[in-house]
Amino acid sequence: MPGVTDVNLRINGEAYELKLQPWVSLLDALREYADLTGTKKGCDHGQCGACTVLCNGDRILSCLTLAVMQEGSEITTIEGIAKDGELHPLQKAFIEHDAFQCGYCTPGQICSAIGMLNENKASSRADVKELMSGNLCRCGANTNIIDAIMEVKEGGNHE
């Protein structure tokens, strides 16, 4: 196919060699080429946060970055959060606090929360609410989402 290039991505600790056109977003590369459908496509304009993944530990909107720009980066999607079959503390807290209703935004919320905690900028519940404001939940589970994040933040176990 004309205009296709090899893009080598490291996703969830595994190497992927994908043949992509240079304008393919990281979101589309994850979902359509790497078969990792946990990352959701919401607005596709960077306004809802459903597509949030971690790139070298930092949260990014995968709909707003080109896959070719992430060559050499360590990308973590919701599929790579659990380790050795053990849920990440945020995944456990989301379950315990019923921090999801439809669940569509949950992968992006969890990835964003991990990135936000890694940033170590939130010192209060108000800070967490502000720093998570780019991730929308249309079901109204925001209070439970913040409760789950605060539990993990206060416990200091977000690695």
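This report describes the sheet, the helices packed on it and a few individual residues of a predicted model.

**The sheet and its edges**

The strands form an open sheet of 5 members in the order 2-1-5-3-4, and their pairing is mixed. Strand 2 (14-20) and strand 4 (58-61) each have a single partner strand and stand at the edges, so one side of each is left without a neighbour in the sheet. From one strand to the next, the twist averages 40°.

**The hairpin of strand 1 and strand 2**

Strand 1 (residues 5-11) and strand 2 run antiparallel and are joined by 7 bridges. Within this pairing, Val7 has Leu18 of strand 2 as its bridge partner, while Leu9 stands opposite Tyr16, which also belongs to strand 2. The hairpin leaves 2 residues between the strands, and Asn12 takes a positive phi near 55° there.

**Helices lying across the sheet**

Two helices can be described by the strands that they cross and by their direction relative to one of those strands, as set out below.

| Helix | Strands crossed | Angle |
|---|---|---|
| Helix 1 (residues 26-33) | strand 1, strand 2, strand 3 (52-55), strand 4 and strand 5 (74-76) | about 100° to strand 2 |
| Helix 3 (residues 106-119) | strand 3, strand 4 and strand 5 | about 40° to strand 3 |

Helix 1 thus lies across both edge strands, strand 2 and strand 4, whereas the strands listed for helix 3 are strand 3, strand 4 and strand 5.

**Two loop residues**

Is Thr39, in the loop between helix 1 and strand 3, buried or exposed? Thr39 has a relative accessibility of 2%, and because buried means under 20%, this residue counts as buried. Leaving aside neighbours within four places in sequence, Thr39 is in contact with a set of residues that includes Leu27, Leu30 and Arg31, together with Val53. Since helix 1 covers residues 26-33 and strand 3 covers 52-55, these four partners fall within those two elements. Further contacts of Thr39 include Ala50, Cys51, Ser62, Thr77, Ile78 and Glu79.

Met69, by contrast, is found in the loop between strand 4 and strand 5. Its relative accessible area is 54%, and because the limit for exposed is over 50%, Met69 is classed as exposed. Together with Trp23 and Leu66, Met69 makes a nonpolar surface patch of about 350 Å².

Conventions: Residues are numbered from 1 along each chain as its sequence is written. This is a predicted model: local features need pLDDT of at least 70, side-chain atom pairs count only at pLDDT 80 or more; totals for chains, interfaces and linings use all residues. Side-chain values use heavy atoms; hydrogens and water are left out. Two strands pair if DSSP finds at least two bridges between them. Axes are lines fitted to C-alpha atoms, for helices over the stretch in contact, and angles run from 0 to 180 degrees between N-to-C directions. Contact means heavy atoms within 4.5 Å. Patches are made of residues with over 30% relative accessible area and no salt bridge: like charges are joined within 9 Å, nonpolar side chains (Val, Leu, Ile, Met, Phe, Trp, Tyr) within 5 Å. Accessible areas come from the Shrake-Rupley method with a 1.4 Å probe; for residues, only the protein chains shown count as cover. A salt bridge is a side-chain nitrogen of Lys or Arg within 4 Å of a carboxyl oxygen of Asp or Glu. Buried means under 20% relative accessible area, exposed over 50%, partly exposed in between (1.4 Å probe, protein chains only).
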